[in-house]
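Trainee: I should be grateful for a close look at one part of this model, with its surroundings described as well.

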Amino acid sequence: MGEIGAFHAGGRFGKVVPVRLRPGTDVMQGLKQVCEANGIAQGAVLAGIGSLRKMTFQVLIPKSETTLGAGYTEPQTVPGPVEIVSLQGVVFQSEEGETLLHVHGTFSDQYGKVYAGHVVAGGNPVLATLDGLVAEVTDVKLIRRLEPEVGFGLFTPERA
C-alpha cells in the first residue's frame, strides 16, 4: 500500500450565501458569478437542488495513456427535463487569481434513471430553479497548483 498523504490547512466558515439561479442560467457560470459578487474566493458549494433543461457531465474512466491510467470522458449530455438531486463542490483560485469551481452532482432523468459526475461549465441551463448554499472559507488559500505526480493542476489548500 502507498504512503498516505494530504494537503490541508485549517480555516473557518465565513459568510454563507443562499442562492437561487433563474431559468436559463448555466449552473457553473451562475455559481461563479454569485461567488465573485459576494467576494468568495475560496469556499464550498454546500448544496444544490433544482431542475435543468439538459444536463452535461463527465465521468472518470480508464485511460491507459494518462499518468494515472484514468481520465474524464468527453462531455455527455442528457436531454431534459433533469432533476438535480444533489450538488456539491469547492471554490478556489487559479495561480493567476481566477475564480474556479469544481462541482459534482447527482441527477435523475424523466424516467428516474440516475446519473452522477463532474458538472461541465456551459452545458447545464436551469429549467425552473437551482436552490443552493455557497459558503466562504476564511484563513486559508485554496489554489489550483500543478501536481507533478498526476500531471495537472489540482485543488491545494494552504495556510493564508
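How many salt bridges does the structure hold?

Mentor: The structure, which is a predicted model, holds 4 salt bridges. One of them joins the side chains of D139 and R12, with an N to O distance of 2.6 Å. This pair links distant parts of the chain, since D139 is in the loop between β8 and β9 while R12 is in strand β1 (residues 12–21), and 127 residues separate the two in sequence. The partners are covered to unlike degrees: R12 counts as exposed because its relative accessible area is 56%, whereas D139, at 42%, counts as partly exposed.

The backbone at D139 also merits attention. Most residues other than glycine have a negative phi, and most peptide bonds are trans. D139 is not a glycine, yet its phi is positive, at about 70°. The loop that holds D139 lies between β8 (126–138) and β9 (140–147).

A second salt bridge is formed by the side chains of K32 and E98, at 3.2 Å from N to O. Here helix α1 (residues 27–37), which contains K32, is linked to the loop between β5 and β6, which contains E98, across 66 residues of sequence. Both partners count as partly exposed, with relative accessibilities of 25% for K32 and 42% for E98.

A third salt bridge brings together the side chains of R145 and E158, with an N to O distance of 2.6 Å. R145 belongs to strand β9 and E158 to strand β10 (residues 152–159), and the two residues are 13 apart in sequence. R145 is partly exposed, at 26% relative accessibility. Through salt bridges that share partners, E95, R145 and E158 are joined into one network.

The loop that carries E98 leads to the strands on either side of it. Strand β5 (residues 76–93) and strand β6 (residues 99–108) pair in the antiparallel sense over 10 bridges. Within that pairing, V90 stands opposite H102 in β6. The hairpin made by β5 and β6 has 5 residues between the strands, and in it G97 takes a positive phi near 95°.

Strand β5 has a further partner in β2 (residues 43–58), for β2 and β5 pair in the antiparallel sense over 10 bridges. In this case G50 stands opposite I84 in β5. Strand β5 also contains P81, and the peptide bond that joins G80 and P81 is cis, with an omega of about 5°.

Another residue of strand β5 is L87, which counts as buried because its relative accessibility of 3% falls under 20%. With its neighbours within four places in sequence left aside, L87 is in contact with V27, L31, V45, L46, A47, G48, V103, H104, G105, F107, V119 and L130. L87 and A116 are separated by 29 residues in sequence, and their C-alpha atoms lie 9.7 Å apart.

One of the contacts of L87 is L46, which lies in strand β2. L46 is partly exposed, because its relative accessible area is 41%. Together with F13, V16 and L133, L46 makes a nonpolar surface patch of about 360 Å².

Strand β2 also holds T56. In contrast to the partly exposed L46, T56 is buried, because its relative accessible area is 7%. The side chains of T56 and T77 are joined by a polar contact of 3.4 Å. Apart from neighbours within four places in sequence, the residues in contact with T56 include P75, Q76 and T77, as well as H118, V119, V120, G123 and N124. V119 is thus found among the contacts of T56 and also among those of L87.

To return to the salt bridges, the pairs described above are D139 with R12, K32 with E98, and R145 with E158. The first of these links the loop between β8 and β9 to strand β1, the second links helix α1 to the loop between β5 and β6, and the third links strand β9 to strand β10.

Notes: Residues numbered from 1 in each chain as written. Predicted model: local features only at pLDDT ≥ 70, side-chain atom pairs only at ≥ 80, totals over all residues. Heavy atoms only, no water. Patch = residues over 30% accessible without salt bridge, like charges linked within 9 Å, V, L, I, M, F, W, Y side chains within 5 Å. Areas by Shrake-Rupley, 256 points an atom, 1.4 Å probe, with all protein chains shown as cover. Helix = DSSP H or I, 4+ residues; strand = E, 2+ residues; numbered from the N terminus. Buried < 20%, exposed > 50% of the residue type's maximum accessible area, 1.4 Å probe, protein only. Pairing = 2+ DSSP bridges. Polar contact = N/O pair within 3.5 Å; in protein donor to acceptor, adjacent residues only side chain to side chain. Contact = heavy atoms within 4.5 Å.
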